Amino acid sequence: MDQSNGKGVEEHEVRQRMREKEERALSPPSEEAEENMKLSVERIFEGQPVPSWRDQLTWRAFGMSFVLSVLFCFIVMKLNLTTGIIPSLNVSAGLLGFFFIKTWTKLLDSAGLLRLPFTRQENTVIQTCVVASSGIAFSGGFGSYLFGMSKRIAQQTSDTQDATDIKDPSLAWMIGFLFVVSFLGLFAVVPLRKIMIIDFKLTYPSGTATAHLINSFHTPEGAKLAKKQVRELGKFFSFSFLWGFFQWFYTADPDHCGFINFPSLGLQAYENMFYFDFSATYVGVGMICPYIINISVLLGGILSWGLLWPLIEKKRGDWYHADLPLTSMHGLQGYKVFLAISLILGDGLYNFFKVLSRTLSGLYYQLRDRDVGVALPIANGSSPEANEASFDDQRRTQMFLKDRIPNWFAIAGYATIAIISIITLPHLFPPLKWYYILVIYVFAPTLGFCNAYGCGLTDWSLASTYGKLAIFVIGAWAGASHGGVIAGLAACGVMMNIVSTASDLTQDFKTGYLTLASPRSMFVSQVIGTAMGCVISPCVFWLFYNAFDDLGQPGSTYAVPFATVYRGMAALGTEGFSSLPKHCLQLCCGFFAAAIVVNIIKDAVPKRWGRFIPVPMAMAIPFYIGSYFAIDMCVGSLILFIWEKVNKAKADAFGPAVASGLICGDGIWTLPSSILALAGVKPPICMKFLSRSTNAKVDKFLGS
């Protein structure tokens with residue numbers, strides 16, 4: 001149920017590593033409660049009746065899910081359009097859902113109007129719905145493939161723009177596109193849910209952690225801890241929101257004024273994108289991300305902006321024409337984009353084959369041990385280990401198999417949506433021919449299964465890697481002269497949505513299995529949450545798109561870096577290496593190989609040493625946009641590190657809540673700031689920083 005499994009750093013592979021710190025907040029507060037949970041979770045809840053799957057789907061659950069979905073869509077969208085780093089927000093989603101519904105039911109109970117108590121199954125429904133909805137803000141491609149189709153991005157990546165390779169955002173077609181492609185993956189894995197959860201007993205670490213979080217909330221000890229965590233989240237939410245409001249007054253020119261342009265490390269460092277920009281959002285992100293991710297981002301910034309770009313800049317007039325505009329892909333901009341792409345592809349492909357090999361070997365041993373030949377047990381079969389299961393497993397298996405989703409329903413749903421999609425998508429994207437889509441849908445169930453199975457083993461969703469492969473395959477198939485860029489980007493969206501929702505739903509099934517939530521209620525909640533996201537996310541993006549005229553421009557507050565990266569991949573897939581500037585191919589090959597070598601070393605050495613080796617995917621992020629957010633994230637890491645040294649128990653319990661408050665408050669401030677921008681209300685003050693010599697010139701000019 002985690003966002004980062006299909007939704008997420010912009011890249012799923014980095015965001016999987018972020019969960020490690022968040023999950024430390026899931027421990028019950030006392031040793032006695034922890035021991036009880038270890039012995040038998042279901043013994044604790046044995047006296048509580050399990051509501052039917054229809055009773056788990058309440059109006060209050062979906063009403064609260066809608067409110068939280070709007071909240072988290074703004075947060076994810078802001079992160080998506082700035083750096084593409086999206087941490088897991090499971091703790092804040094679970095905390096807020098539990099707190100608000102629990103408060104509401106207490107008020108109704110005190111008034112004698114409560115009809116249905118608030119159960120952990122209903123809590124699971126809320127969690128599923130919110131994460132499915134807000135996740136569309138990532139998987140919808142607003143910060144990557146979808147916005148990469150626009151003219152704004154095309155002007156930065158090519159000197160000539162072909163009309164067939166441009167499709168500007170429009171609210172109508174974006175909503176239609178998401179409704180057509182976002183549901184297919186849900187039907188693809190339904191028939192195989194039993195093999196994933198019961199027969200193979202896949203762990204799905206994020207789904208399991210979410211279930212433990214929800215189960216702990218509904219114990220007396222856990223409810224007390226949740227109340228304290230919400231209080232901390234609320235305090236830092238308020239601080240972060242008010243800090244964003246305060247900063248707004250000093251940003252008359254947001255690209256050059258205000259605290260976000262404070263040269264805290266000096267003007268020379270500022271010109272090379274090294275400065276602390278006082279962003280509460282990325283301080284919070286740094287508190288959630290593992291230390292190695294933050295250090296990797298900082299190292300990537302030092303390598304690129306501190307070393308590579310100044311050296312390549314000196315080759316101006318030799319490696320590329322001196323009179324090229326800064327945004328030309330045949331100049332320095334091209335090196336920034338394509339070297340980042342080479343690191344991302346090297347890291348992504350290595351992990352793709354690593355997870356794929358683990359998936360295939362794990363599947364082979366599972367099937368061999370059960371002596372079932374080549375046939376996979378499906379939803380209507382029986383579990384071979386039911387007699388040997390513990391009390392918890394027996395009760396969970398019984399409830400999981402009670403409300404079955406018919407296989408004919410899943411197959412019919414997949415076929416129906418596929419037919420609609422094959423008919424509809426070529427009208428939205430003429431270069432994307434119907435037979436391209438048909439080929440994708442033929443292979444999609446297998447790829448969705450591989451992604452879901454691999455996610456269960458490793459907690460890694462490789463949806464974005466599958467999307468990149470679709471860019472190159474379909475883009476090259478279509479060709480540059482037949483709109484290959486748009487075809488590749490659209491195919492990326494189709495593929496990403498299928499495989500990501502497949503892994504998301506199996507995570508939800510695992511969470512439901514551990515909280516006794518019905519598979520039917522999980523499926524319905526995922527469908528409703530996805531439908532909410534298909535409307536909310538495009539509307540939120542449309543608000544950003546119209547409020548900020550410089551959205552997508554290099555150096556702006558909302559630079560949307562991965563839109564340029566994805567369009568660069570599409571251009572590379574259709575035009576070949578001819579699109580690269582001089583010596584860029586050799587550098588790209590070197591960085592591609594380096595990413596693979598670093599990963600091999602990281603996996604080969606003992607874990608105690610491997611945890612100090614940087615992550616190439618994270619290093620690639622600042623190549624294009626700079627290191628300013630890396631400074632913020634490292635400040636967040638430093639705060640958490642000191643807190644852990646002073647009081648580790650409190651840091652583990654409240655760190656994720658504090659970080660979520662910082663992220664949520666600053667993220668929600670974007671709503672009123674966008675409304676002010678649309679209304680034409682501008683900040684009254686420009687706080688700007690000048691060098692001493694420039695300041696003397698300004699004083700002299702004003703004095704004259």
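A residue is taken as buried when its relative accessible area is under 20%. In the predicted model described here, Cys-588 has a relative accessible area of 10% and is therefore buried.

The cysteines were examined for bonding. Cys-73 is also a buried residue, its relative accessibility being 0%. The closest cysteine sulfur to that of Cys-73 belongs to Cys-539 and lies 9.7 Å away, which is too far for a bond. Cys-588 likewise takes part in no disulfide; the nearest cysteine sulfur, in Cys-584, is at 3.8 Å. Because a disulfide requires sulfur atoms within 2.5 Å, the distance of 3.8 Å does not qualify.

One disulfide is present in the structure. It is formed by Cys-257 and Cys-686, with 1.8 Å between the sulfur atoms. The bond joins distant parts of the chain, the two cysteines being 429 residues apart. Cys-257 sits in the loop between helix H13 (220-248) and helix H14 (267-271), whereas Cys-686 sits in the loop between helix H30 (648-678) and H31. The torsion about the S-S bond is about -60 degrees, and the disulfide of Cys-257 and Cys-686 is therefore left-handed. The two partners fall into separate accessibility classes: Cys-257 is buried, at 0% relative accessible area, while Cys-686 is partly exposed, at 39%.

Helix H31, which bounds the loop holding Cys-686, comprises residues 692-703. Its twelve residues should span 16 Å at 1.5 Å a residue, and the end C-alpha atoms are 16 Å apart, in agreement with that expectation. The expected value rests on multiplying 1.5 Å by one less than the number of residues. None of the twelve residues of H31 is buried, so the helix lies largely in the open.

A nonpolar patch occurs on the surface. Its members are Trp-434, Tyr-435, Leu-438, Val-439, Val-442, Phe-443 and Trp-477, and together they have about 700 Å² of accessible area. Helix H20 (residues 434-458) supplies the largest share of the patch, with six residues. Val-439 is one of the patch residues and is located in helix H20. Its relative accessible area is 34%, so Val-439 counts as partly exposed. Patch membership requires over 30% relative accessible area, a cut-off that Val-439 passes at 34%.

Definitions and conventions: Residues numbered from 1 in each chain as written. Predicted model: local features only at pLDDT ≥ 70, side-chain atom pairs only at ≥ 80, totals over all residues. Heavy atoms only, no water. Patch = residues over 30% accessible without salt bridge, like charges linked within 9 Å, V, L, I, M, F, W, Y side chains within 5 Å. Areas by Shrake-Rupley, 256 points an atom, 1.4 Å probe, with all protein chains shown as cover. Salt bridge = Lys/Arg side-chain N within 4 Å of Asp/Glu carboxyl O. Helix = DSSP H or I, 4+ residues; strand = E, 2+ residues; numbered from the N terminus. Buried < 20%, exposed > 50% of the residue type's maximum accessible area, 1.4 Å probe, protein only.
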